[in-house]
Number of protein chains: 2
Amino acid sequence: MEVDTNDEYFTSYENLEIHEIMLTDTARNEAYRKAITTNSSLFNGKVVLDVGSGTGILSIFAAQAGASQVFAVEASNLAKLSQEIIKENNFENVIKVFNCRIEDFQLPESVDKVDIIISEWMGFYLLHEGMLDSVLLARDRFLKPGGLLFPDRAILYCSPCNLPTHFDNWDNVSGVKMSKYAECLRKQKSSKPEIINIDKDCLIADDIVIAFLDLSDISTTELNRIDFNEVIIARKSGKFQGLCIWFDVLFPCGDDNEEEVILSTHPQAQSTHWKQTIIPLPSNIETFEPLDPIAFKLIVQRNPENSRHYHLLLEILDAMSDDVQHPLPCECHMTKCILTKAHLANMTDSNGFENA
Amino acid sequence: MEVDTNDEYFTSYENLEIHEIMLTDTARNEAYRKAITTNSSLFNGKVVLDVGSGTGILSIFAAQAGASQVFAVEASNLAKLSQEIIKENNFENVIKVFNCRIEDFQLPESVDKVDIIISEWMGFYLLHEGMLDSVLLARDRFLKPGGLLFPDRAILYCSPCNLPTHFDNWDNVSGVKMSKYAECLRKQKSSKPEIINIDKDCLIADDIVIAFLDLSDISTTELNRIDFNEVIIARKSGKFQGLCIWFDVLFPCGDDNEEEVILSTHPQAQSTHWKQTIIPLPSNIETFEPLDPIAFKLIVQRNPENSRHYHLLLEILDAMSDDVQHPLPCECHMTKCILTKAHLANMTDSNGFENA
């Protein structure tokens, strides 16, 4: 079963049109290029491992940045084409391609460990495809203590959002009412996440961190389930029609004070092929006003039958209910939270912490 | 075999997201709305048949235009939802939905023939899906002599074009040469048509009519194969990197001199979900200059194993070869054509036709 799933997974990457989507994603390419080639102090003379090297573009960046040796490991048959691409870029003496899964890869006898691991492993909503597992395995097996990962941190975010395309545009389709249709469409859509670009103005809360992954020490089992269950605050008025999920990845930075490179898939960042992941709601929850509390539970859980897939479970809670725990202090406008906040501020003042 | 193919075909239309693509295609909706509702003189009090009625939007347009009775025939299970949509628009007394294939449909005993057939049957490059067959069957069985078809004419066009996305953008992908990759990508892509929006400036010849279909008298067998084999003229300089195919459909017009409605999928028209169909070439043929002759053969042939699919065969010919017949007169800059054209003009003058 596991083997079949992987076969299918790697075969999908033999379709050149998948790589076309990635290679025409300028935000993606430029973030990696900048993170790698402007950090040549980190790469100069170093041994680099590229996990899932595909067309070889990241390996070429590493070679351009001065790496002495790059091991490009690619399980799909794209490995062969990548050798030609590497030759076209005159790095055949620096980059060596291995056509195997990273799980089956062995470093040449002359090399004990690598200095840097580079990989573009991110899937939709960060974790789809489960490729991070392979990067962590590579880290544990092949990376020197203190070695670097590119990227080395990942942050998963969400925010409740308006979805005018799902809700508001159906009352008048060239003069025809399509509300009944839209209702069925939303019902169908709410059963699976949707990959679309949404307008930044559709977000109705601040960017909420669901998970911060420090790739240098996170374990695979920690990727099996991510739970989010908090009360958050509406920052502007808007209808809660779906949950928007996106991610950033961050890259290490050299001593020479280069600007930190962040590849962001936030709705207001340059569009990427990851777009945003939306969990559309079948119906409007309600219209929120600034400082309204919003409560929901989000579970991102690995599919036990296919470790490359996740289930996303969203449950909307009643933020006004006594069962829902607000943070301490909470910025929402509920009387109990205003009073608690004032009380806590008062305690802080009288303890002198703020003025210490 | 035939039944299986159709089952699959109709089931695909049970996916509400297919209808979402159509219902958010404003150019499509507005063309039908305008053609039908601004021609109420044609629809008023008339009996209308909607072939493949889907969500029922065209039937509702017909009812809005004053049709006395509309028969909406839909084979997929969307028929049920369309009844609710029709009710939402208060036309349940005008529009009757039949959940069957048009081939199995029978008019109520009280109705002998219909006055008008409406249908949105067009697929990619006009003929994909082969739904026009069903409209022609409906025409032959159910339309009154002199009855109207909406649309009643269709024109299939093509033009050689540049494809910068396939050819020119790969020399430098964030500083990496990807020509080898692009070569393989083009080879893969040239084996099948591609549905993309192309820039009107990429067309290098005039709009060439491949086929003009008068829907009032064309037969299904005429749709089995369309042949194009002519010398055409480059109108500006550009590389022949692919063939761009698109279509227009035209609607009947009332006596009251309304503007003729054309739904065009030309690259410079408002974008539609049909986009354009491209046959990409695996490699540059050559750069053409204005008045260069361009010769190619295009065959659009129905797949004998699945009548809803077509094969598109493109063969590039050498316009300079003696085997290739130029039109008489030909506007290209080849000496023989310039001389022939002058000679023909001279003959016309001396026969006095031009000045008659």
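Which residue's side chain does Glu30(A) meet in a salt bridge? I looked it up: the partner is Arg33(A), at 2.9 Å, N to O. For the term I took a side-chain nitrogen of Lys or Arg within 4 Å of a carboxyl oxygen of Asp or Glu.

**Ground rules.** I am working with a predicted model, where local features need pLDDT of at least 70, side-chain atom pairs count only at pLDDT 80 or more, and totals for chains, interfaces and linings use all residues. Residues are numbered from 1 along each chain as its sequence is written, chains are lettered from A in the order in which they are written, and side-chain values use heavy atoms, with hydrogens and water left out.

**Back to the pair.** I placed Glu30(A) and Arg33(A) in helix 3 (residues 26–37) of chain A, three residues apart, about one turn of the helix. My helices are DSSP runs of H or I with at least four residues, numbered from the N terminus. Over all chains I find 32 salt bridges in the structure.

**Symmetry.** I laid chain B on chain A and got an RMSD of 0.0 Å, with a turn of 180 degrees and a shift of 0.0 Å along the axis. That is the relation of a two-fold axis. The fit is by least squares on the C-alpha atoms of residues with pLDDT of at least 70 in both copies. Happily for my notes, the same surface serves both copies, as 100% of the contact residues of chain B recur in chain A.

**The interface.** I list 36 residues from chain B and 36 residues from chain A in the contact (heavy atoms within 4.5 Å). The two chains bury about 3,200 Å² between them, 59% of it on carbon and sulfur atoms. Buried area here is the accessible area (1.4 Å probe) lost on putting two parts together, summed over both. On the chain B side, Glu88(B), Ser174(B) and Tyr181(B) lose the most area to chain A, together 19% of what that side buries.

**Charges across it.** The rule finds four salt bridges between chain B and chain A. I noted Lys192(A) with Glu17(B), at 2.8 Å, N to O.

**Who supplies the surface.** Among the helices of chain B that each give at least two residues to the side touching chain A are helix 2 (16–23) and helix 6 (78–88). Helix 9 of chain B has the largest share, seven residues.

**Domains.** I split chain A into domain 1 (1–120), domain 2 (152–324) and domain 3 (326–356), with bounds from an automatic or database domain assignment. The C-alpha centres of domain 1 and domain 3 of chain A lie 51 Å apart.
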